[in-house]
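Please open the model in your viewer and keep the selection tool at hand. The tour below goes from one stop to the next, saying what to select and what is there.

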Amino acid sequence: MSSALPFALLLLAQSLGIFWAVPEAEPSILYLWHRVPAQGRVRRAWVIPPISVSENHKRLPYPLVQIKSDKQQLGSVIYSIQGPGVDEEPRNVFSIDKFTGRVYLNATLDREKTDRFRLRAFALDLGGSTLEDPTDLEIVVVDQNDNRPAFTQDVFRGHILEGAIPGTLVARAEATDADDPETDNAALRFSILDQGSPEFFSIDEHTGEIRTVQVGLDREVAAVYNLTLQVADMSGDGLTATASAIITVDDINDNAPEFTKDEFFLEAAEAVSGVDVGRLQVEDRDLPGSPNWVARFTILEGDPDGQFKIYTDPKTNEGVLSVVKPLDYESREQYELRVSVQNEAPLQAAAPRARRGQTRVSVWVQDTNEAPVFPKNPLRTSIAEGAPPGTSVVTFSARDPDTQQLQRISYSKDYDPEDWLQVDGATGRIQTQRVLSPASPFLKDGWYRAIILALDDAMPPSTATGTLSIEILEVNDHAPALAPLPSGSLCSEPDQGPGLLLGATDEDLPPHGAPFHFQLNPRVPDLGRNWSLSQINVSHARLRLRQQVSEGLHRLSLLLQDSGEPPQQREQTLNVTVCRCGSDGACLPGAAALLAGGVGVSLGALVIVLASTVVLLVLILLAALRTRFRRQSRGKSLLHGLQEDLRDNILNYDEQGGGEEDQDAYDINQLRHPVEPRATSRSLGRPPLRRDAPFSCMPQPHRALPTSPSDIANFISDGLEAADSDPSVPPYDTALIYDYEGDGSVAGTLSSILSSLGDEDQDYDYLRDWGPRFARLADMYGHQ
């Protein structure tokens, strides 16, 4: 331990920052575990200062320091270090020779990434036993000016009102430097490299604040200023960087708007409104679109009636003069307006006044053909209902506003749905041309509407439309009547039954209708003694008996009066049936009243029933006469019209014979074979005579067939008459139905009376010889 003092001096020198000039291969030696001797006065332990090394060191590996332990001789101690830069990230930055204790820098350091390293040093003997406790070894990276300063923005923007005073803050520039802020490497200074001329702005070199330095900022001269800024480290002598600053001058209303002319001349048409007349141009140097630029116009004089208005075109800032009330050339031909203009925003007090802040506007009114005017439109009038044709309604005339032009006005109808009115084309006088029906669908609440046209004779002509509303005054021209006719009966006892309810109606409208007044005819005194009428409401009354009267039909004379002015009254007869009633107030069965007919049957109803009966009897008589006439004329017109079928006259008797084999039946061969001689007798005996034939009639001899079609009708008629008179053959209108027809039939098919052949073999061509009507059958069934 004899070398303890020199080592202590070395540690003290290290602590004081004193280094000896030794070769670079021989780094300083640190005795990290040197202790003060135990005997004697106790001293402070040594404070080991950090080991400093500059960043960006290029010559690697570079020896930093050598550590030693004084417990054993050189070569008998093994050294090691641990920590960031060794076995922790970033790895392999430092290393140590385990036998000599030399510490080396193996990589380039960057202070901006890591400004210091804290390592742990260890000392072991050759056997691996710990000779010393682990101790700290701190390595500090010394900064170099290897980073340029940088602005936080590429472009800084600021705003300043025009006319701002010097010293007004506009914007602030900011910059950073990655070097050690505690050194001069990060000492920044700001400056303006370029701003044009004149120089209105300055920058604080320490804070970067940009301010105005003189007056005279005018947006109308220069609205934007571009500045080039610089920042440098090393207090302005080191590395530099640049950026831009854009300063915008904000507008203030320091320019008043002005008219481009001292006077404007415009023209406007009369009788129109809502149209633009012309434009008033203005100039303003302030910012377009801003309140300092937008113009507001005011009509100071020349428009006492408010017929004009000026609004601003938002795109051009022009004043647009428009007519809001129609102009009249006949009243005034020219208007002289005085108009002023101002901005929407107030003008700055220091701003110069406008030279043309006011102007004069001359408006000339153009004369045009105006449409006629109805002084009163719509026109309302009234007329009594049922007015006869030619009744004067009203004169609906118009006037022509064009007093300086001689024009005629003609009148016509445009809308008259009932074609009720007639208009005088020259005067506009309106009268009725027929009676208007009260049931017209064009009457709305008693009003009729028509449209009248007034047309002048100018070129081109103008038309006016007038509305005529006519109130149809209700006239009390109808008296009330009982409706409907009452039904029911009255009990003969006055205190029985509810009485008879009477109702009235009136064709007139209010106030000429209800309330109605019901009254028994005072000219018949007995009515008031036996009957009573009590009013129930405005349209109904109740009839009762005052005293018992005889059962049966009673005719009452009533007076009905309405509430019109003057009132209308009707006398009406009411038929009332009186009957005996039970306790429930209903007529008893078999009462005389029931035999007298229904209650409330009026004289008119009886007349209608009687007339209907007479008409029915007349119709029956006419039908009988017509039937008789047809029977009498059947012989003459039997073949006239095929629509009369012979089968319509066949009678169906309940008496039936025994069929064709019945020997007592009639011989129908007379109908089947009229051309053959009739057998006078048959093997089974003579047939019995008909009981309905006269006994004096004898069988008629056979007749020859007619030779011409014109004799056919007489032939058939004579044959029918002979058959009716022959008691041995069936009559023309009689046929017997047999209930037994036997085993066979000697008669042929019923499809043909004269032939036993079928329809297919029958020849109908001979029907053409019977006349035009039978020719149709021949065409249908004959051979084609």
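**Salt bridges**

A search of the whole structure finds 21 salt bridges, where a salt bridge is a side-chain nitrogen of Lys or Arg within 4 Å of a carboxyl oxygen of Asp or Glu. Before you select any of them, note that this is a predicted model, in which local features need pLDDT of at least 70 and side-chain atom pairs count only at pLDDT 80 or more, while totals for chains, interfaces and linings use all residues. Residues are numbered from 1 along each chain as its sequence is written, and side-chain values use heavy atoms, with hydrogens and water left out.

Select Glu89 and Arg91, whose side chains meet in a salt bridge with an N to O distance of 3.5 Å. Glu89 is exposed at 62% relative accessible area, whereas Arg91, at 49%, is partly exposed; here buried means under 20% relative accessible area, exposed over 50%, and partly exposed in between, with a 1.4 Å probe and protein chains only.

Next, select Glu209 and Arg211, which form a salt bridge of 3.0 Å, N to O. Is Glu209 buried or exposed? Glu209 is buried, with a relative accessible area of 16%, while its partner Arg211 is partly exposed at 31%.

Move on to Asp419 and Lys413, a salt bridge in which the closest N and O atoms are 3.0 Å apart. Asp419 is partly exposed at 42%, and Lys413 is partly exposed at 31%. To end this stop, select Arg116, Arg118 and Glu138 together, since these residues are linked in a network of salt bridges.

**Disulfides**

A disulfide is a covalent bond between the sulfur atoms of two cysteines. In this model a disulfide is a pair of cysteine sulfur atoms within 2.5 Å, and the structure holds two of them.

Select Cys491 and Cys581, whose sulfur atoms are 2.0 Å apart in a disulfide. Why does this pair tie together parts that are 90 residues apart in sequence? It does so because Cys491 lies in strand β35 (residues 490-491), and Cys581 in the loop between β41 (569-579) and α3 (592-595); helices (H or I, at least four residues) and strands (E, at least two) are DSSP runs, numbered from the N terminus. The torsion about the S-S bond of Cys491 and Cys581 is about -100°, so this disulfide is left-handed. Cys491 is buried at 4% relative accessibility, and Cys581 is buried at 11%.

Now select Cys579 and Cys587, which a disulfide joins with an S to S distance of 1.7 Å. With -60° about the S-S bond, the link of Cys579 and Cys587 is left-handed. Cys579 is buried at 0%, but Cys587 is partly exposed at 23%. When the bonded cysteines of the protein are numbered in sequence order, the pairing is 1-3, 2-4.

**A stop in helix α4**

Select Leu622, which is placed in helix α4 (residues 603-632) and is partly exposed, with a relative accessible area of 48%.

**Where to look again**

Which residue of the salt bridge between Glu89 and Arg91 is worth colouring as exposed? Glu89 is exposed, with a relative accessible area of 62%. For a last view, return to Cys579, which is buried at 0%, and then to Cys587, which is partly exposed at 23%.
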